[in-house]
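Below are my notes on the model you sent, as numbered points. They begin with one charged pair and widen from there.

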Amino acid sequence: MNRSAAALLCVLLLGLPAPNAWSAPKVPPGSGSGAVLQTVPVSLPVLSRIGQKVSLSGFYYGGSIPMVIDDISRTDYNMELPAGCFVPLSGPRPSGLKSGDRITVSGMLERPGKTSSLKNSPAVLKISSPENVRIIAPRILPPATMKPRKPEMLRRLEKYRPGDLVPGRKFAVLIAGGGGPENNHIRYWNDLLTMYNILLGRGFAAADIFVFYADGAPPGDVEGKIEGSMPVNGTASRTNIQRCFRTIGTVSRDNDFIFIMTNDHGGGFLEVRTGSLDPGLYGGRVASAGEANDSISEAQFSLDLNGDGDTTDVLRADESLNMWTGRYYDDDFAADLNRITRYGTMVIHLEQCFSGGFLDDLRAPRRIIFSATSEQRVSRAHSASPANPQSVQPYNEIFYWFAAALLGETPDGDYAVDRNGAPWTPNADYDGNGKVSVFEAFMFARRMNLKDGLPWYEDDSRPGCITVTVDTRNVPEGRDGWLGSRTFF
């Protein structure tokens with residue numbers, strides 16, 4: 001009997017499938033040279049596939065570190081990106097790739113090295129070739145109809161060196177922690193750099209401006225970075241900032257002007273659903289004591305915030321400011337700042353999410369404090385006008401308009417025309433005295449605010465604050481707004 005006949009006999013007697021019906025064994029995704037990778041969306045379970053080749057779909061973002069993210073709108077919030085919503089990218093990328101492009105990307109999922117700046121990230125996708133990144137749907141920006149330009153004051157400033165400017169006993173501390181490389185949006189650097197230049201132009205000595213940014217080094221070539229340079233005094237950490245406040249406190253006098261600016265992510269309790277974020281505690285901490293208007297009802301939100309097994313408690317939350325690593329809570333920040341006891345006026349500008357929660361802690365005589373949002377809302381990035389579309393938004397919303405009020409021009413020359421196409425320039429000099437006060441600049445920013453944050457302002461050192469737009473002229477003495485209307489940079 002030949003082999004063909006024997007095989008046929010086995011089929012008939014044993015019920016085996018014919019040889020041409022036998023199927024090849026299934027190959028698990030990511031194994032074997034002939035395996036076909038299945039593209040999956042970015043998600044938390046994907047991060048467990050360390051050491052495997054994967055193909056991910058999502059949006060490209062390059063405004064902090066290169067990454068693929070599930071929802072590009074998440075980068076608009078001044079809050080940390082949730083775990084599992086993004087994967088950092090390492091390796092060559094195709095030219096022309098820009099933030100907001102919908103992509104698929106394949107590579108090896110690896111754990112970051114111990115010396116990597118991404119050592120706190122659970123995984124990094126290593127790309128071997130630009131061909132491993134495919135643009136599925138490019139982000140289409142309308143054509144620009146104007147050319148951005150620097151404000152006139154900053155152009156004049158370029159011919160000076162910091163040492164050439166008239167020094168004054170004015171101190172400034174500019175802070176942007178970033179919360180790690182993946183959350184450190186380039187707008188935080190841009191805001192600090194713009195404010196640094198404004199302060200130099202207003203007579204602040206370079207040696208009296210202290211900058212604590214991210215890991216202590218200026219950013220490299222990051223998408224959306226504006227031109228210019230600024231010295232950085234150190235890593236954004238509580239230790240460094242404490243030391244700075246102590247130093248200023250030992251030399252400041254009763255007529256000195258002090259400016260404090262915080263600008264990055266914040267933590268606290270979110271009271272309304274915002275985008276994909278449900279109400280809840282994000283980076284804040286439950287406190288047993290606090291201000292009366294800080295109360296949060298677990299029953300209202302059906303949340304067990306203190307983890308005691310019920311939803312019947314009424315609690316309070318401490319807000320926080322992100323450092324490069326760790327959080328700086330409002331109570332601690334206030335205690336450290338209070339080491340500065342001698343000054344004429346102190347202005348405190350808070351940009352982070354939930355920043356309104358810092359007002360009660362920082363309130364004191366001769367302090368002007370304003371926040372980009374209330375204690376239970378997020379703050380956001382500024383959106384460029386249709387005439388100047390941007391894939392990465394280079395400024396925060398309230399800071400952008402506050403700077404525009406002080407400069408008499410927008411920081412990037414955007415919004416040069418009004419809705420009717422007529423020339424337009426910012427004018428925050430509401431009382432017509434030829435100068436823009438701190439209160440006028442804040443109220444201008446509040447009026448121009450296009451986002452859902454609710455900016456707050458206080459300067460009378462008493463409970464309560466301004467939460468609505470008000471007339472900046474003829475503010476009664478002793479009321480909120482009176483000190484700020486008489487204070488100028």
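1. This is a predicted model, and I start with the salt bridge at its Arg273. Arg273 is exposed, since its relative accessible area is 51% and the class begins over 50%. Asp278 falls in the partly exposed class, with a relative accessibility of 40%. The two side chains meet in a salt bridge, with an N to O distance of 2.1 Å. The structure holds 16 salt bridges, and a few others are taken up below.

2. Arg363 and Glu458 also form a salt bridge, at 3.0 Å from N to O. This pair links distant parts of the chain, 95 residues apart: Arg363 sits in the loop between helix H7 (359-362) and strand S19 (367-371), while Glu458 belongs to strand S20 (residues 456-458). Both partners are covered. Arg363 counts as buried at 17% relative accessibility, because the cut-off is under 20%, and Glu458 is buried at 0%.

3. A salt bridge joins Arg169 to Asp208, where the closest N and O atoms are 3.2 Å apart. Arg169 is in the loop between helix H2 (152-157) and strand S8 (170-176), and Asp208 is in the loop between helix H3 (186-201) and strand S9 (209-213), so the pair ties together parts that are 39 residues apart in sequence. Arg169 is partly exposed, with 43% relative accessibility, whereas Asp208 is buried at 10%. Besides such pairs there is a network of salt bridges that links Asp76, Arg380 and Asp452.

4. Which side chain of opposite charge is nearest to Asp256? It is Arg169, at 4.8 Å. Asp256 is buried and has no salt bridge; the distance to Arg169 is outside the 4 Å limit, which is why the pair is not counted as one. Asp256 is placed in the loop between helix H4 (238-251) and strand S10 (257-262). Its side chain does reach the backbone nitrogen of Arg253, at 2.7 Å. Leaving out residues up to four places away in sequence, Asp256 touches Arg169, Phe171, Val251, Tyr343, Gly344 and Thr345. When checking the charge assignment here, keep the contact with Arg169 apart from the salt bridge that Arg169 makes with Asp208.

5. Helix H8 (residues 397-407) is mostly covered, with 11 of its 11 residues buried. Among the buried residues of H8 are Glu397, Tyr400, Trp401 and Phe402. The buried residues of the helix pack against H2, H3, S10, strand S18 (345-350), S19 and helix H9 (438-448). Just after H8, Gly408 takes a positive phi of about 75°.

6. What does the side chain of His382 make a polar contact with? The partner is the side chain of Glu397, at 2.8 Å. His382 lies in the loop between S19 and H8 and counts as buried at 2% relative accessibility. Apart from residues up to four places away in sequence, its contacts include Gln393, Tyr395, Asn396, Tyr400, Trp401, Tyr415 and Lys451. Glu397, Tyr400 and Trp401, which His382 touches, are buried residues of H8.

7. The largest nonpolar core has 69 residues, and those touching the most other members are Leu174, Met195, Leu199, Ile209, Val211, Phe259 and Phe489. Another core lies apart from it, with 29 residues, including Phe171, Ile258, Leu321 and Tyr328. Phe171 is also one of the residues that Asp256 touches.

8. Phe489 deserves a separate entry. Not counting neighbours within four places in sequence, Phe489 is in contact with Lys170, Met195, Leu199, Arg202, Phe204, Phe257, Phe259, Val347, Phe402, Leu406 and Val438. Of these, Phe402 and Leu406 are buried residues of H8, and Met195, Leu199 and Phe259 appear among the core residues named above.

9. Overall figures, for the record. The protein has nine helices and 20 strands, and buried residues make up 51% of its 489 residues. Its accessible surface comes to about 22200 Å², with 52% belonging to carbon and sulfur atoms. For contacts between residues at least 6 apart in sequence, 66% join residues at least 24 apart.

Note on methods. Residues are numbered from 1 along each chain as its sequence is written. This is a predicted model: local features need pLDDT of at least 70, side-chain atom pairs count only at pLDDT 80 or more; totals for chains, interfaces and linings use all residues. Side-chain values use heavy atoms; hydrogens and water are left out. Helices (H or I, at least four residues) and strands (E, at least two) are DSSP runs, numbered from the N terminus. Buried means under 20% relative accessible area, exposed over 50%, partly exposed in between (1.4 Å probe, protein chains only). Lys and Arg count as positive and Asp and Glu as negative; His and the chain ends are not counted. A polar contact is a pair of N or O atoms within 3.5 Å; within protein, one must be able to donate a hydrogen and the other to accept it, and residues adjacent in sequence count only if both atoms are side-chain atoms. Contact means heavy atoms within 4.5 Å. A nonpolar core is a set of buried Ala, Val, Leu, Ile, Met, Phe, Trp, Tyr and Cys residues joined through side-chain atoms within 4.5 Å. Accessible areas come from the Shrake-Rupley method with a 1.4 Å probe; for residues, only the protein chains shown count as cover.
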